[in-house]
Each structure stands twice: as C-alpha cells, then as structure tokens.
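Please open the structure in your viewer and keep the selection panel handy. We will go from one chain to the place where it meets a neighbour.

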Amino acid sequence: MRRALTPALQGLVLAGAVLVIVLLPRFTSEFRLGQFTYVGIYFVALLGLNILTGYNGQITLGHAAFMAIGGYTAALLILGRSGFELLGQQASHVLPQHGMRAIFTIPIAGLVTGVIGCLFGIPALRLAGVSLALATLAVSVSLPAVAKRFEHLTGGGGGLSLPLPHAPFGWHVSSPHWLYYEAWVCAGILFVVAWLLVRGRVGRAWRAIRDGEVAAVSSGVSPAVYKTLAFGISAAYAGVAGALFAIQVSYINPDTFPVTLSLLLLASVVIGGLSSLSGVIVGALVLEFLPIYAQAPPILHLQFAKEAGPVVFGITLILIVLLIPGGAASLVGRITRPVTNRAKSGSAPPSHDDFAR
Amino acid sequence: MSTLLELRGVEARYGPIKALHGVSLTVADGEIVALLGANGAGKTTTLRAVSGTVRHTGEIVFEGKQIARGKPDAVARAGIAHVPEGRGLFTQLSVWENLRMGAYVRGERRTLRAEAPRVFKYFPWLERRRDQQAGTLSGGEQQMLALGRALVGRPRLLMLDEPSLGLAPTVVQELFRIVKELNADDGLTVLVVEQNANVALDAAARAYVLEVGQVAIEGDSAELRRHEGVRKSYLGY
Amino acid sequence: MALPLAFVWTEFAQQVTSGLAAGAIYASLALALVLIYQTTNVVNFAQGEMATFTTYVAWSMMHHGLGYWPAFVLTLLIAFGAGVTVERVLIRPVEHRPEIVIVILTIGMFIAINGLVGWIFGPEVKAFDSPFPNRSVVVGGVSISVQDIGTFGVCLGTVVALWLFFRLTTLGLAMRAVAFNPGASRLMGVRVGWMLALGWGFAAVLGAIAGMMAAPTVFLDPDMMLVVLIYAFAAAVLGGIDSPVGAVVGGLLIGVVINLLGAYVNFVGQELRLPTALAVLLVVLVIRPSGLFGRVVVRKV
C-alpha cells in the first residue's frame, strides 16, 4: 500500500484531526454541531462500506438497508413493548417489555446487524460483481415495503417516534454536545478497529481476494470465510451508524434509509477514495455538505431547488471516475510526491482469445 | 512488379516488452511472401503492426501511402485482409453471416453478390453449409471459411497468420494449393506467416526469416532451402 | 398462504393478460439492458433513469401542445441521440477499466439524472396521457383492457422490429459481430466504436418506450422507473444476461407471475410483490447462476 505521507506525518495529521474533533463544539453553533454529528455518523457508515467494497471488492448497493436494520433495532430496544404500545400500536411479543438506555442499544444494533450481514454474505458468495450489486439493490428497494408490511415489528408506515435524546447517567452535557461526542467516540473506536483489521492478516486476505480470488485461494485464503466476514463487519458498522442516526433524529420510518442513500453512500466512498480509510472523512464531509452547498452556494447568494444536490453529487462522481479514479485520497499522494512516469504506451499483447472467440 | 507493401524499420512493443526491433521487408504485387521464424520471433506481431492491431513506430507503406496507424478498420478498408492467428471467425454466426461480414468492408450486399460465386468455386461445400454455425465446423473447415471470408472482400493483400496451425497435413496441403491457385489465377498478393517452413517455402516465391524481432535471413525460396542455417533450424535436416 | 376456494377462469385470464402487458414493459427495459451488456459489456444502472428522463421530455412536449404520436416519435429520436452521446462521451473513456469502475459511473449517472428530472420538472406527481382509449374488449368472456393490448403491442412490436433489424440488415449484422468478437470485427472494417454507440442509442429508445408505456399507469414522478428497473434486471438476469430472447421471455414471465402471486397469494398482497419476485429470483440464481437461457461462463484463470 503506497503511503503518501511518512508515518510521522501521518501521526501528526491524525493527532491534529483528533484535536479538531474534540475542540469543535467550542467554536461552532449548535446547528453546525448537529451537522458535524451527521458527519460522524456517515463516517462510521462509510468506514464499513469501504471495508466491503474498497478493501474486499464486493460492490453493494444496499448499505442503507443495513443502516435501517440497525436503526430499527435501536429504536425497538429503546421503546420496548411498553413504549411501542404507547404509540398506539400492537407490539410483537419478540420485543422486551421495557426500553433500555439509548447508549446501550448502539453496540447491540451493531451486533444484530452484523449477524444479519453475515447471513446475507453466505448466499452472496454465489454472486459476483454486478450480480451482487443487483441483489443488494433489490434488497434495498424491497426493504421499505417489507418494513411497512410487518407493522407489529416496525410500526408500519407511520414509523416509530423515540423519546428525545439526552446524556445518560445524569451527566451534565447538553443534548447536541452529547450526541456529537457519542457519534465521534464511536467513530474513533471503529476507526481504530478498522485500521487494525485492514493492516493485519484479515485486511491482507481481503485485498488478496479483491485482487484475484483464484490466486488468493491458492495462497490458502478461504474466500468464503473472509468475504462473509467482510459483509458482516461492514453491516455491523452500518448498523451502528443507523442506530446513531435514529437516536439523533428521534424518529425512524421505512423511508428514512432509502435506496438513494445507498447510492450516495457508495458515491461518497468513491469520491473520498476506495480502499483508503483516511479518504472516508472526505466522503463523510461531502455526503453531509455537498447537497447543502449545491442547493445554496455560499458566495453566489443563489438558491436552487433541493434536487441540485443529487445532480451535483452525480456529476462529481462521474468526474471523479473519469479524471481522478483514486478519489480525494489519491490527490494527497499527487501533491506530496512528484508524478512518476506511468507505464509506457503499447497495450498488452492481444491474446489468441481476442480473435478466436 | 511493383511493390505493394513495404516495412521500414518497424518497431513494436507490448507494454514494456519490445517485440520488433526494426523489421524491414517488401512484398511485391502478385507475390507470395513467407515470414518464417520460431515462436516469439515476432512474425505475428509484424502482421499486427500492418493491420494496426498493435501500435508501431517506423514506416509501413501500402500502395505508396502510409497506412493509418492504430486503426484496423481503416487498414481493412484500404484493402488489406488479415486472417489472424486462431482465424477470428464469428463462431456464433453462421457460415453465410461470416461471409457477409467479409464483404462488409466493401459494401456488404453488392460485394457479396459479386464475389460469393468465386469463393464458392474454390470452396463449394461452403454454399451447401451456409446456415451452419461457424463454431461447429472442423478446424480445417474453419480455416477455409476464414480464407473465403477474407477473399469475399476483394483484398489487394491477404495476410495469413499460421494457417496450418492445428490442421492435418492433407488439409494443410489443400489449403496452400488453393492459395497458390488464387495467386496464379487472380494475381492475389499473399503474405503468409508460418511455423511450417517446408510448406511455406513450397508456396512462396520469397521468404524472410525473423529472429528475436529482426530479419535475420532473406531471399527467394530456393536459396533459403539450401541455406544451412535455415535447413537446420526450420527444415529439420 | 390462502388460495381462494373458487378458481375463476376469467379472472385468471384477466390477471394473465394484464401481467403480459406489464411484462412487456419489463421486457423492453430488460432488452435494453441486455443490448448494452452484449455490446459494451456494461451493466447500465442508469437505464431506468434515462427512460424516466425521456418520458418527461415527451410529457413536456405534449404539455406544450404537441400531439401524442408526434411527441412519441420525436422522443424516440431524442432518446436515440442521447444514448449515442452518453456512450461516446461518458462510457468510451472508461471502456477498458474494471467492471466496478463502470458500475460506479452508471450509478453517478443514476444520481445525477434522477436529481435532474426533479430539478427541471419538479417532484410532484404528474399524469401522463395514454394514446389508447380507456375501455375494455371482451374476448371469450374475458375482459381485456385496450390499454393493455396497446402496451403489449407497442413494446413487443418494437422488440420484433429490432429483431428484424439485427437479423436482416447489414448494420444489424455488424452490431452482432461486434458483440461476439470486436477484435475480428475491426479487421473486417467495422468501426467498432460507433457500433457500440448505436447499441446505446437503441437501448435508450427501448427505455423510452418502456417509460412512455408505463407512465399512464404508474404516473410520472422522478422515481417511477425504479421498480420497473429492478424487474427488468430480474428479467435480464433470469433470462441470462447475454440472451436477448431470455430477457424478453423473462420480462413477460415476471409480469405474469407477479400479477398472479399478488392476486392469489394473500401473504404477498400488493406490497410484497417486489420482494417476493426478488426472493424467487435469488433462489433461481443460486441454483443456476447463469440464468434460464444464459450460457454457462467458465471463469478464465
């Protein structure tokens, strides 16, 4: 893996980033703080997506569906059967009687979603590349309908309203501050976990599978195990992000995590740079702020329709694919190192196969 | 006889690997010229440089004009038919549809109407089996079809890449007999790449021997047959 | 699963015919997907959005006073041009890049076009005229809507016309040759790049037809083709991603089966038609990954 910056410089950048994140609340309004909380939530989701698609090469268009599962898990655990019935709905007997503290639901949501992700990963082994993308797209499109149908479990189309969030255990922290730190602490922990996974044996196995499954098998790597693991872990990340999101918004319904979000998540991770953990922060910032600034560009004092967001997003993604395929993360490399001569002209030899199919 | 095709100092590479280190040869109008050499000598690459399927530097002049670089379709339109290694048939299309594609370069319908009878004269069985899927033909039949398809386009120069590959000796004999007949009757100019030096020298008037991407030996076929190096390395005696 | 006690033939036939009409729409879009896949080896995730956009263009023309059929024809021409342009400008530069990259490009197109439609035309749902009268004919005791007949006729008519084009014309043959063996096609003098562009043009036309036939029923909104796209993908995959015949048969099959499931299986009802169809598709794929008609691909090592 090419390193654009020396380890010392990397450490410095990381320390700086941590400092910025910790001190940010002092310098921004509450509204902005909410936006940066979303950045943290997206950061978690995108870490998971990058693991699956960037490092393991399995393309998924259903990441938002896993966020939905995490979000609903957290919501149901927070409400419990009693809370559910308070909303005027008949609750499923699967739910526990009493709700629990929001903060505890986050790891549980992650775990539940992770297990479901592993279960999904198993049949996914039969599918590759585009077929997998199609299958995940299909799941993503179907999930809202399924959620609406099983009202006893999900509150149907009306969704679930959660009690307003506040710092637990009687800590004297304002809600926005609490949510911000909650999201970023999760993000920090999960970043470290991702970093350890990626640079270790697991990450090497993932990359080996991505770059050539047959070759990986002959080196003793079992694709079944590692691909399923990648699915499970990325789903767990999405589940945590979904739980954080539901807690932040205090509401969840089948349309909270639509297909378009899955597509935007993928777009963001590509813009930030596939298989680059540091690029994920760019992706998260883009996901939160690009639609806002596309709709109301700051200097121009113009106001566009809210659809301007997706248009700019899509065009940005297209331009990135055409011009800067490595995403934002690859730009850092270009700035800090001279451009090396790329392999010369002259294509690979046309094989026998080119002409005799 | 005028020069139809001339290569001057042609170099070609596949990525970082240089395959041709400056090849120069000529093919005169109405000649059959053979390009011999061992595996990896650069024979196929030379044909590819002419047809534009591999990028090259150096000059390639056809009918007095520089050929279009890197545009195989333009080269085909200029009148060079390249039957590649492996024949390049459309295996999922029928015999007739393959022939139609051969005529595409000059305007499918008119050309096919005019040229098909001639091709059927040399390969009568093609007409009987016109609806058969090309991929189900035997190796020899496929080679004949590939040749027929190239002829339908009324080429000025026919380039054959290893036509004998994988074929039984009797089939190879028949194939080259037809090539010689075409050359004698219609004045078709042929550049043939072959590993089977014996049968190639039998059909061709002149030959070049390539070694490691360069012309090592050249001359007319009789000369080459007597040449000791050629005899030992390529003719086996 | 509860089946009705009395099985009524006429109702069954009615479900089948309306299923065939919906299936014809899926078949058109599925054929578009397969056409692009066969020629350029790209799975175009934005096919549905392109169809949506061209349908909105048609609506816009009709809204400004143009008659249905003139608008229809003009839209097809615009769609063709747009398809060709997209291939030349966006797809050609990334032709040789890995599959994942091109998929992401088409997703970028999806996002952009979806947003563009909402931006230019507004997100409110609009009505779209149908050229067919709103009545039914009775055939053998079965009531069939003229709209369904018309939809089926237009879609399948286009498919047949395209089939004839590919079978009989020189250009069609050249395009098929390119799909099978682009390298050899070049040696025959075929300008492969333009053949690919034409493929995209025709696919866009198929998409526009699917959109314009679907719009009267599903109404015009930026997300209208999303579900149709999924069904079309399902049809293409079911039929074998490289088989045009499979795509069309798959589309019709899905249309009919969906309708029957929705009508006769209580559990499925209206909401779970899509998930059920997909569950069935996933089962088929797991058993036979190359689809019903597809060739089994041996992965090259």
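The stops below take in a chain as a whole, then one of its contact sides.

Before you start, keep in mind that this is a predicted model.

**Stop 1: the whole of chain C.** Select chain C and show it as a cartoon. You should find 11 helices and two strands. How do they follow one another along the sequence of chain C? Going from the start, the pattern is α-α-α-α-β-β-α-α-α-α-α-α-α, so the two strands of chain C come one after the other, with helices before and after them. The radius of gyration of chain C is 19 Å, close to the 19 Å given by the globule rule for 301 residues, so chain C is as compact as a globular protein of that length.

**Stop 2: the extent and interior of chain C.** Now show the C-alpha atoms alone: along the principal axes, they fill a box of roughly 65 × 50 × 35 Å. Of the 301 residues in chain C, 53% are buried. Among contacts in chain C with a separation of 6 or more, 75% are between residues 24 or more positions apart.

**Stop 3: where chain C meets chain B.** Bring chain B into view. Here 15 residues of chain C are in contact with 19 residues of chain B. Select 170–180 of chain C, which is helix 6, and then 182–187, which is helix 7; each supplies at least two residues of the side that touches chain B. Which helix of chain C gives the most to this side? Helix 6 does, with six residues.

Finally, colour that side of chain C by residue class: eight residues are nonpolar, four are polar and three are charged.

Key: Residues are numbered from 1 along each chain as its sequence is written. Chains are lettered from A and ligands numbered from 1 in the order in which they are written. This is a predicted model: local features need pLDDT of at least 70, side-chain atom pairs count only at pLDDT 80 or more; totals for chains, interfaces and linings use all residues. Two residues are in contact if their C-beta atoms, placed from the backbone, lie within 7 Å. Helices (H or I, at least four residues) and strands (E, at least two) are DSSP runs, numbered from the N terminus. Ala, Val, Leu, Ile, Met, Phe, Trp, Tyr, Cys and Pro count as nonpolar, Asp, Glu, Lys and Arg as charged, and the others, Gly among them, as polar. The radius of gyration is taken over C-alpha atoms; the globule rule is 2.2 Å times the number of residues to the power 0.38. A residue is buried if 20 or more other C-beta atoms lie within 10 Å of its own, exposed if 12 or fewer, and partly exposed in between; C-beta atoms are placed from the backbone.
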